[in-house]
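Subject: Handover of a structure

Dear colleague,

Please find below the structure that I am handing over to you. My findings follow directly after it.

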Amino acid sequence: MNASAWHDGRLHVRLAGAAAAVSAACGKLGGAAVAPDAAMSWWRSLRDQTDDFFSLSDAGLARGDCLWRLSVPPSAPPVRLPGGQFIEWHGAERWWRTTAEPREVRAAAALAGGHATLIRGADKSGGVFTPLSDVLMRIHRGLKQAFDPACVFNPGRLYAEL
């Protein structure tokens, strides 16, 4: 298995390898095969985030919908947040469309052993990336000073303080 995704109660698995091995795996796994063109189109929509799950309409943004990417260990327990979830990378990448506050999303990700990044949403005042500890911020400042002493490259892009 070289890819997996779960959404709307359905598990999608992409198999690759020798035809005999893929056929044997399909026999053991069960499920329904998808025509190659349709499968390629679906996986591409996931890769390029053109699937409806990833788009936020103006109405959704007005409601406070945000798209979050949570990176957690693949074996992490379920993340409890309001909204919709799309899981990939064998459980390690969990996308959430939610109206939850950034603090709540980040706490849920941390509880699962990971972190959260705001991908799409109207209000980015809570920051896009998980706030860094004082130690990590000091390291980031040192790196920024070493590689960009004049602070001309993307000031404030990752963190407002940098």
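Strand β1 is joined to strand β2 (residues 10–14) by five bridges, and the two strands run antiparallel. Please bear in mind throughout that this is a predicted model. Within this pairing, S4 has V13 of β2 as its bridge partner. The hairpin formed by β1 and β2 has two residues between the strands, and D8 takes a positive phi near 55° there.

Strand β1 also pairs with strand β4 (residues 84–88): two bridges join them, and they too run antiparallel. Here W6 stands opposite I87 of β4. As to the surroundings of β1 (residues 3–7), four of its five residues are buried, so the strand is largely enclosed by the rest of the structure.

Turning to the interior, the largest nonpolar core has 15 residues. The members that touch the most other members are W68, L70, V79, L81, W96, V105 and A116. Three elements each give two or more residues to this core, namely β3 (66–71), α4 (102–111) and β6 (115–120).

W68 deserves a separate mention. Leaving aside residues up to four places away in sequence, W68 touches R94, W95, W96, T98, P102, V105, R106, A116, T117, L118 and I119. Apart from the largest core lies another one, made up of 10 residues, including W43, F54, L56 and L67.

Salt bridges were searched for across the whole structure, and four were found. Three of them are described here.

In one of the four, the side chains of D65 and R97 meet at 3.7 Å, N to O. D65 lies in the loop between α3 (58–63) and β3, whereas R97 belongs to strand β5 (residues 93–98), so this pair ties together parts that are 32 residues apart in sequence. Both D65 and R97 are buried.

Another salt bridge links E93 with R69, their closest N and O atoms being 2.5 Å apart. Since E93 is in strand β5 and R69 in strand β3, the pair ties together parts that are 24 residues apart in sequence. E93 has a relative accessibility of 4%, so it counts as buried, the limit being under 20%.

A further salt bridge is formed by the side chains of D48 and R47, at 2.7 Å, N to O. R47 has a relative accessible area of 60%; this is over 50%, and R47 is therefore classed as exposed. D48, with a relative accessible area of 40%, is partly exposed because this value falls between the two limits of 20% and 50%.

Finally, I looked at the open spaces. Rolling a probe the size of a water molecule over the atoms shows where empty space is left. The largest pocket has a volume of about 800 Å³. Its lining consists of 21 residues, and those nearest the centre of the pocket are V13, R14, A32, A33 and V34. The elements that give two or more residues to this lining are β2, α1 (19–29) and α2 (36–47). With six residues, α2 provides the largest share of the lining. V13 thus links two parts of this account, as the bridge partner of S4 and as one of the lining residues nearest the centre of the largest pocket.

With kind regards

Technical notes: Residues numbered from 1 in each chain as written. Predicted model: local features only at pLDDT ≥ 70, side-chain atom pairs only at ≥ 80, totals over all residues. Heavy atoms only, no water. Core = buried A, V, L, I, M, F, W, Y, C linked by side-chain atoms within 4.5 Å. Buried < 20%, exposed > 50% of the residue type's maximum accessible area, 1.4 Å probe, protein only. Contact = heavy atoms within 4.5 Å. Pairing = 2+ DSSP bridges. 1 Å grid on protein atoms, 1.4 Å probe; cavity = no way out; pocket = protein on both sides within 12 Å on 5 of 7 lines; lining within 4 Å. Points joined across faces, edges and corners; volume = space filled by probe spheres on them.
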